[in-house]
Amino acid sequence: MLEELYAIRGSIDNFDATLVYLLAERFKCTQRVGRLKAEHSLPPSDPGREAAQIKRLRTLAEDAELDPAFAEKFLNFIVSEVIQHHRAIAADRA
Ligand SMILES: C=C(O[C@@H]1C=C(C(=O)O)C=C[C@H]1O)C(=O)O
């Protein structure tokens, strides 16, 4: 039993590592978007884009048998952090 538990935990650790790498790459992209927005005086957030992302992710989550409410909450958590970064980038340029 313990052998199986440790094996499963090994996989969980690998998944967590990929999440960190995925998030790091995503934040590199959003930082670039933040710099572009600041250069062109665009607002930090884009509610229309966010609504489209939520709709898409909820469908993907359903297909993947992941709770769509959780997928939405998770995206919102990340996007609010991104918007704070964009505000900081814009403030640095002001
Ligand atoms: C990255 C952007 O800025 C914000 C952050 C988003 C995100 O993290 O996906 C999406 C929309 C924006 O509110 C963008 O406009 O594309």
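The legends below describe close-up views of a predicted model.

**View 1. The shell of residues around the ligand.** In this predicted model, the ligand is surrounded by Thr30, Val33, Ser45, Asp46, Arg49, Glu50, Gln53, Ile78, Val79, Val82 and Ile83. Two or more of these residues are supplied by each of helix 1 (2–39), helix 2 (47–63) and helix 3 (68–93), and the largest share, 4 residues, comes from helix 3. Sorted by class, the shell comprises 5 nonpolar, 3 polar and 3 charged residues.

**View 2. The packing of helix 2 against helix 3.** Two packed helices are described by the angle between their axes together with the distance between those axes. For helix 2 and helix 3 the axes come within 8 Å and cross at roughly 145 degrees, and the crossing is right-handed. On the helix 2 side the contact is made by Glu50, Gln53, Ile54, Leu57, Arg58, Ala61 and Glu62, which meet Pro68, Ala71, Glu72, Leu75 and Val79 of helix 3. By class, 7 nonpolar, 1 polar and 4 charged residues take part in this contact. Among the residues of the contact, Glu50, Gln53 and Val79 also belong to the residues around the ligand.

**View 3. Two loop residues with positive phi.** Ser41, which is not a glycine, has a positive phi of about 50 degrees and is placed in the loop between helix 1 and helix 2. Because 8 C-beta neighbours lie inside 10 Å of Ser41, this residue counts as exposed, the limit for that class being 12 or fewer. Glu65, likewise a residue other than glycine, has a positive phi near 60 degrees and sits in the loop between helix 2 and helix 3. Glu65 is exposed as well, because 6 other C-beta atoms lie within 10 Å.

**View 4. Asp63 and its surroundings.** Asp63 lies in helix 2 and is exposed, because 9 other C-beta atoms are found within 10 Å. Asp63 and Thr18 are separated by 45 residues in sequence and, from C-alpha to C-alpha, by 21 Å in space.

**View 5. The stretch annotated as a domain.** An unreviewed UniProt entry lists residues 1–90 under "domain: Chorismate mutase". Over residues 1–90 the chain is 87% helix and 0% strand, and the C-alpha atoms at the two ends are 54 Å apart.

Key
Residues are numbered from 1 along each chain as its sequence is written. This is a predicted model: local features need pLDDT of at least 70, side-chain atom pairs count only at pLDDT 80 or more; totals for chains, interfaces and linings use all residues. A residue is near a molecule or strand if its C-beta atom, placed from the backbone, lies within 6 Å of it. Ala, Val, Leu, Ile, Met, Phe, Trp, Tyr, Cys and Pro count as nonpolar, Asp, Glu, Lys and Arg as charged, and the others, Gly among them, as polar. UniProt positions are given in the numbering used here, feature names are shortened, and annotations may be inferred rather than shown by experiment. A residue is buried if 20 or more other C-beta atoms lie within 10 Å of its own, exposed if 12 or fewer, and partly exposed in between; C-beta atoms are placed from the backbone. Axes are lines fitted to C-alpha atoms, for helices over the stretch in contact, and angles run from 0 to 180 degrees between N-to-C directions. A crossing is left-handed if the near helix is turned anticlockwise from the far one by less than a right angle, and right-handed if clockwise. Two residues are in contact if their C-beta atoms, placed from the backbone, lie within 7 Å.
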